[in-house]
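Welcome, and thank you for opening the viewer. Let's take a walk through this structure together, one selection at a time.

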Amino acid sequence: MQNKRSTTTKDIALLLQLRDSKQLTLAPEFQRNAIWPRPAKAYLIDTILADRPIPLLFFSRSINAQSGRPEYEVVDGQQRLRAIFEFYDNRFRLTESSPNEPWHNKRWRELDQIYQQRILN
(Lines give C-alpha, C1' and ligand atoms only; values in the text may rest on other atoms or scores of the structure.)
Protein backbone atom coordinates (compact mmCIF):
# COMPACT_ATOMS: atom_id res chain seq x y z
CA MET A 1 0.00 0.00 0.00
CA GLN A 2 1.40 3.35 -1.01
CA ASN A 3 1.25 6.29 1.34
CA LYS A 4 -0.38 9.25 -0.26
CA ARG A 5 0.33 12.84 0.48
CA SER A 6 -2.34 15.43 0.89
CA THR A 7 -2.39 19.11 1.59
CA THR A 8 -4.59 20.50 4.33
CA THR A 9 -4.77 23.74 6.21
CA LYS A 10 -4.66 23.65 9.98
CA ASP A 11 -4.72 26.75 12.10
CA ILE A 12 -2.62 27.27 15.20
CA ALA A 13 -5.68 26.92 17.44
CA LEU A 14 -6.15 23.35 16.18
CA LEU A 15 -2.45 22.57 16.59
CA LEU A 16 -2.66 23.80 20.19
CA GLN A 17 -5.61 21.45 20.76
CA LEU A 18 -3.64 18.56 19.26
CA ARG A 19 -0.67 19.41 21.48
CA ASP A 20 -2.81 19.61 24.60
CA SER A 21 -4.57 16.31 23.81
CA LYS A 22 -1.20 14.59 23.20
CA GLN A 23 -2.00 13.98 19.52
CA LEU A 24 0.96 16.07 18.29
CA THR A 25 4.57 14.96 18.61
CA LEU A 26 6.89 17.93 18.19
CA ALA A 27 10.15 16.05 18.41
CA PRO A 28 10.11 12.60 16.87
CA GLU A 29 13.43 10.78 17.07
CA PHE A 30 14.59 12.07 13.69
CA GLN A 31 14.18 15.75 14.67
CA ARG A 32 16.99 17.83 16.10
CA ASN A 33 16.72 19.42 19.54
CA ALA A 34 15.23 22.85 20.09
CA ILE A 35 17.96 25.28 19.09
CA TRP A 36 16.35 28.62 18.23
CA PRO A 37 17.41 31.50 20.49
CA ARG A 38 14.71 33.73 21.95
CA PRO A 39 15.28 36.59 19.44
CA ALA A 40 14.64 34.19 16.53
CA LYS A 41 11.39 33.05 18.18
CA ALA A 42 10.28 36.65 18.72
CA TYR A 43 11.11 37.48 15.10
CA LEU A 44 8.91 34.61 13.87
CA ILE A 45 5.93 35.84 15.90
CA ASP A 46 6.53 39.37 14.62
CA THR A 47 6.54 37.97 11.07
CA ILE A 48 3.16 36.32 11.64
CA LEU A 49 1.66 39.44 13.22
CA ALA A 50 2.92 41.58 10.33
CA ASP A 51 1.11 39.16 7.98
CA ARG A 52 4.31 38.15 6.20
CA PRO A 53 4.64 34.56 4.94
CA ILE A 54 6.42 31.84 6.86
CA PRO A 55 7.53 28.46 5.47
CA LEU A 56 5.03 25.62 5.39
CA LEU A 57 4.87 23.04 8.18
CA PHE A 58 4.95 19.33 7.33
CA PHE A 59 3.41 16.53 9.38
CA SER A 60 3.13 12.78 9.21
CA ARG A 61 -0.37 11.56 10.13
CA SER A 62 -1.19 8.17 11.60
CA ILE A 63 -4.06 6.61 13.50
CA ASN A 64 -3.49 5.50 17.08
CA ALA A 65 -4.35 1.77 17.16
CA GLN A 66 -5.67 1.95 20.73
CA SER A 67 -7.75 5.13 20.61
CA GLY A 68 -8.53 5.34 16.90
CA ARG A 69 -7.64 9.04 17.00
CA PRO A 70 -5.36 10.69 14.47
CA GLU A 71 -1.86 11.56 15.64
CA TYR A 72 0.63 13.88 13.98
CA GLU A 73 4.41 13.99 14.02
CA VAL A 74 6.21 17.13 12.93
CA VAL A 75 8.41 16.34 9.92
CA ASP A 76 9.44 19.95 9.26
CA GLY A 77 8.61 22.99 11.35
CA GLN A 78 9.44 21.93 14.89
CA GLN A 79 11.39 25.11 15.69
CA ARG A 80 8.60 27.32 14.33
CA LEU A 81 5.90 25.47 16.25
CA ARG A 82 7.94 25.53 19.46
CA ALA A 83 8.31 29.30 19.08
CA ILE A 84 4.57 29.78 18.55
CA PHE A 85 3.64 27.47 21.44
CA GLU A 86 6.17 29.09 23.79
CA PHE A 87 4.83 32.53 22.93
CA TYR A 88 1.26 31.32 23.50
CA ASP A 89 2.42 30.01 26.89
CA ASN A 90 3.75 33.52 27.78
CA ARG A 91 7.37 32.39 27.88
CA PHE A 92 8.87 35.38 26.08
CA ARG A 93 8.22 38.95 24.90
CA LEU A 94 8.23 40.32 21.35
CA THR A 95 11.48 42.21 21.69
CA GLU A 96 12.47 42.05 18.01
CA SER A 97 9.55 44.01 16.60
CA SER A 98 9.70 47.68 15.80
CA PRO A 99 8.83 49.96 18.73
CA ASN A 100 6.15 51.41 16.42
CA GLU A 101 4.27 48.09 16.31
CA PRO A 102 1.39 47.75 18.79
CA TRP A 103 2.69 44.31 19.85
CA HIS A 104 6.28 45.48 20.56
CA ASN A 105 7.68 43.98 23.77
CA LYS A 106 4.41 42.22 24.68
CA ARG A 107 3.70 38.69 25.82
CA TRP A 108 0.75 36.66 24.52
CA ARG A 109 -1.50 37.58 27.44
CA GLU A 110 -0.77 41.29 26.86
CA LEU A 111 -1.72 41.28 23.18
CA ASP A 112 -4.99 42.78 22.03
CA GLN A 113 -7.44 40.08 21.03
CA ILE A 114 -7.21 41.01 17.35
CA TYR A 115 -3.49 40.11 17.37
CA GLN A 116 -4.08 36.91 19.33
CA GLN A 117 -6.61 35.88 16.68
CA ARG A 118 -4.13 36.71 13.91
CA ILE A 119 -1.71 34.20 15.40
CA LEU A 120 -4.34 31.54 16.11
CA ASN A 121 -5.71 31.72 12.58
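Begin with the residues that line the largest pocket: they divide into 14 nonpolar, 8 polar and 8 charged. Keep in mind as you look around that this is a predicted model. The pocket has a volume of about 1,300 Å³, and 30 residues line it. To find its centre, select Thr8, Lys10, Leu57, Phe58 and Phe59, the lining residues that lie nearest to that point.

Which element gives the most to this lining? Select strand 2 and you have it, with 6 residues in the lining. Helix 1, strand 3 and helix 4 also supply at least two residues each.

**Step back to the whole chain**

Now show everything as a cartoon. You should be able to pick out 4 helices and 3 strands, and from the N terminus on they run α-β-α-β-β-α-α. The C-alpha atoms fill a box of roughly 55 × 30 × 25 Å along the principal axes. Of the 121 residues, 35% count as buried. Among contacts with a separation of 6 or more, 58% join residues that are 24 or more positions apart.

**The strands**

Select strand 3, residues 70-76, and look to either partner. Strand 2, residues 58-63, pairs with strand 3 in the antiparallel sense over 6 bridges; to see one of these pairs, find Ile63 and its bridge partner Pro70. The two strands form a hairpin with 6 residues between them, and in the turn Gly68 has a positive phi of about 75 degrees.

Next, add strand 1, residues 24-25, which pairs with strand 3 in the parallel sense over 2 bridges. Here Leu24 has Tyr72 as its bridge partner.

**Helix 3 and the core**

Is helix 3 mostly covered or mostly open? Select residues 78-88 and you will find that 9 of the 11 residues in helix 3 are buried. Those buried residues include Arg80 and Glu86 as well as Leu81, Ile84 and Phe85. Turn the view around them: they pack against helix 1, strand 1, helix 2, strand 2, strand 3 and helix 4.

From here, move to the largest nonpolar core, which has 26 residues. In soluble globular proteins, nonpolar side chains tend to be buried together. The members that touch the most others are Ile45, Ile84, Phe85, Phe87, Leu94 and Ile119. Helix 1 (12-20), helix 2 (38-49), strand 3, helix 3 and helix 4 (113-120) each supply at least two residues of this core.

Pause at Phe87 and display its surroundings. Beyond its neighbours within four places in sequence, what does Phe87 contact? Its contacts are Ile45, Phe92, Leu94, Lys106, Arg107, Trp108, Leu111 and Ile119.

**Two backbone stops**

Most residues other than glycine have a negative phi, and most peptide bonds are trans. With that in mind, select Asn90, in the loop between helix 3 and helix 4. Asn90 is not a glycine, yet its phi is positive, near 60 degrees.

For the last stop, select Lys22 in the loop between helix 1 and strand 1. Lys22 also has a positive phi near 60 degrees in a residue other than glycine. Is Lys22 buried or exposed? Lys22 counts as exposed because its relative accessibility is 69%, and the exposed class begins over 50%.

How values were computed: Residues are numbered from 1 along each chain as its sequence is written. This is a predicted model: local features need pLDDT of at least 70, side-chain atom pairs count only at pLDDT 80 or more; totals for chains, interfaces and linings use all residues. Side-chain values use heavy atoms; hydrogens and water are left out. A nonpolar core is a set of buried Ala, Val, Leu, Ile, Met, Phe, Trp, Tyr and Cys residues joined through side-chain atoms within 4.5 Å. Buried means under 20% relative accessible area, exposed over 50%, partly exposed in between (1.4 Å probe, protein chains only). Contact means heavy atoms within 4.5 Å. Two strands pair if DSSP finds at least two bridges between them. On a 1 Å grid over the protein atoms alone, a cavity is a set of points where a 1.4 Å probe fits but cannot get out, and a pocket is an open set with protein on both sides within 12 Å along at least five of seven lines; lining residues have an atom within 4 Å of a point. Grid points are joined across faces, edges and corners, and a volume is the space filled by probe spheres set on the points. Ala, Val, Leu, Ile, Met, Phe, Trp, Tyr, Cys and Pro count as nonpolar, Asp, Glu, Lys and Arg as charged, and the others, Gly among them, as polar.
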